[in-house]
Amino acid sequence: MSCFNHKADYFCVFFIKIFTMKNLYTKNNLLNQLPDITTEKIFVENEINPARCAFDKSKITALENTKTIIYLMNRNYRVEDNFALNYALELSKKFSCRLIVLIFFEKKVLIKKKEIFLKKNFEILKTNLKLNNIDYIFIKGKIKDIKIELESKNPTIVISDFNPLLNTSLFAKCNFLEIDSFNIVPAFYVIEKQSYNAASFRRAIYKKINPFLTEFPKIKFKKNKSYSLLKKFLNQKLANYAKYKNNPNYDVLSELSPYISNGFISSQRITLEVLKAKGTKENKESFLEELIIRKELADNFCYYNKNYKNIISCPNWAKNSLQEHKNDFRILYKIEELENAKTNDNLWNASQLQLKKEGKIHGYLRMYWAKQIAKWSINAQEAIEKAIYLNDKYALDAPSCNGYTNILWSIGGLHDRPFLDRPVTGKIRTMTYNGAKSKFNVEEYIKKYT
Ligand SMILES: Cc1cc2nc3c(=O)[nH]c(=O)nc-3n(C[C@H](O)[C@H](O)[C@H](O)COP(=O)(O)OP(=O)(O)OC[C@H]3O[C@@H](n4cnc5c(N)ncnc54)[C@H](O)[C@@H]3O)c2cc1C
């Protein structure tokens, strides 16, 4: 009898385990939270979901005397797949007033490669605005120039891209209304505070993403290069993404970040195309983890924490551990030595040379690149500043929330947990030359870029 009971208990536990594992798998999977757009008809969001607006949309009624509406395009530089532009167009039609798109790009000294990249894509943007008979003004300047322009136009309403890196305090007196068209789940809606780590953020996204994955209303537009990169990714790279995404010698990454970070393509559009494409769940899940969870987590961080360029915003365990190692011996490189790839680490030099030559470093090596800078600096803050300087100057996808968040992740343990204590970098997760060697053919990569 007792034996029977024991067996029954055993089977009971066994089935409960299988059931919870299945449930856990279903829950711990982004694809399962999204509509199956290959079988379900996808909802077209002709009228914007109010949750995408950082203001109360129902209060926008008294516009009878309005002559001009401004849409301040400062992050999503595109006419297609852009809820903020759609909403500005909707209001201008409803109240029969003029819409002017103020394209704002902060003026700074740019390296040639970056200038050419941006110029090309801004030209396409201007063509697309003309194609849709939308008036625009292009301002390449300082943020105060927007204020001057706004005062001269005296609009009743300014619709703006949601942008955690834009200091909006200057516009406090305007009717300044932000719409998040950069994230699928709006940053101010998904979670009301800074997320502690990717796991807690993932849970929040899983709960809320489904109603936001909608199709955009159609608009005429000429495609920039990101659309052919996306096609190539879906046809040739997605099949090997999960297996080789951390191997710099395999060409499986999408290369879309310069277009995503500069708003030349919408990540919601990319997600829709990934879901429609042929491919295994494993590959799609792995790609969407980066495109949605990691990318939107970066916006969460920079939105709720204005010290996004500073070590003070990193977790206490990391700061305490770095403090304990502040007097450890280290090799110090000057910024010029780093910039010119003159260190004693030929893998690091090769990645710095790739950055200068191509405006990017492979995602896996980018972590290595930042983590070595931490080992060669007087303290973490100095390392952060050097990494930001180099990344913002040379990377085509910078400056961006992704850049600041990942630099703090690499150097300051942001969103991460403590690891084994080591000299200089303490309990921050480390990456070593030998570790890299065990993961991929380091020599092959070095030869390519040196
Ligand atoms: C030190 C350091 C600096 C970085 N700086 C930037 C930056 O300035 N701009 C930037 O966009 N990304 C940055 N990243 C994140 C990541 O390296 C790039 O997004 C990725 O390498 C871009 O290549 P891809 O588009 O081919 O990537 P894919 O692997 O094809 O990924 C698709 C998209 O997912 C998003 N993504 C991928 N990895 C990450 C990540 N770790 N965090 C957030 N989003 C991610 C990006 O939007 C990317 O375009 C940085 C990472 C590190 C470690």
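Colleague: Which residue follows helix 14, and what is its phi near?

Modeller: This is a predicted model: local features need pLDDT (the predictor's confidence in each residue, 0 to 100) of at least 70, side-chain atom pairs count only at pLDDT 80 or more, and totals for chains, interfaces and linings use all residues. Residues are numbered from 1 along each chain as its sequence is written. Helices are DSSP runs (H or I, at least four residues), numbered from the N terminus. Helix 14 gives way to G359, with a positive phi near 75°.

Colleague: How far apart are the end C-alpha atoms of helix 14, and why is that expected?

Modeller: Helix 14 covers residues 346–358, 13 residues. The expected span is 1.5 Å times one less than the residue count. That gives 18 Å, so it agrees with the end-to-end distance of 18 Å.

Colleague: Which helices help cover the buried residues of helix 14?

Modeller: Buried means 20 or more other C-beta atoms, placed from the backbone, within 10 Å of the residue's own. L347, W348 and Q352 are among the buried residues of helix 14. Their cover includes helices 13, 15, 16, 18 and 19.

Colleague: Which of the 27 residues around the ligand come nearest?

Modeller: A residue counts as near if its C-beta atom, placed from the backbone, lies within 6 Å. Helices 9, 11, 15 and 17 each supply at least two shell residues. The nearest are L253, S254, S257, G363 and G403.

Colleague: Where does pLDDT stay under 50?

Modeller: The protein's mean pLDDT is 92, and 93% of its residues reach 70 or more. The stretch under 50 is residues 19–25.

Methods. A residue is buried if 20 or more other C-beta atoms lie within 10 Å of its own, exposed if 12 or fewer, and partly exposed in between; C-beta atoms are placed from the backbone. Two residues are in contact if their C-beta atoms, placed from the backbone, lie within 7 Å.
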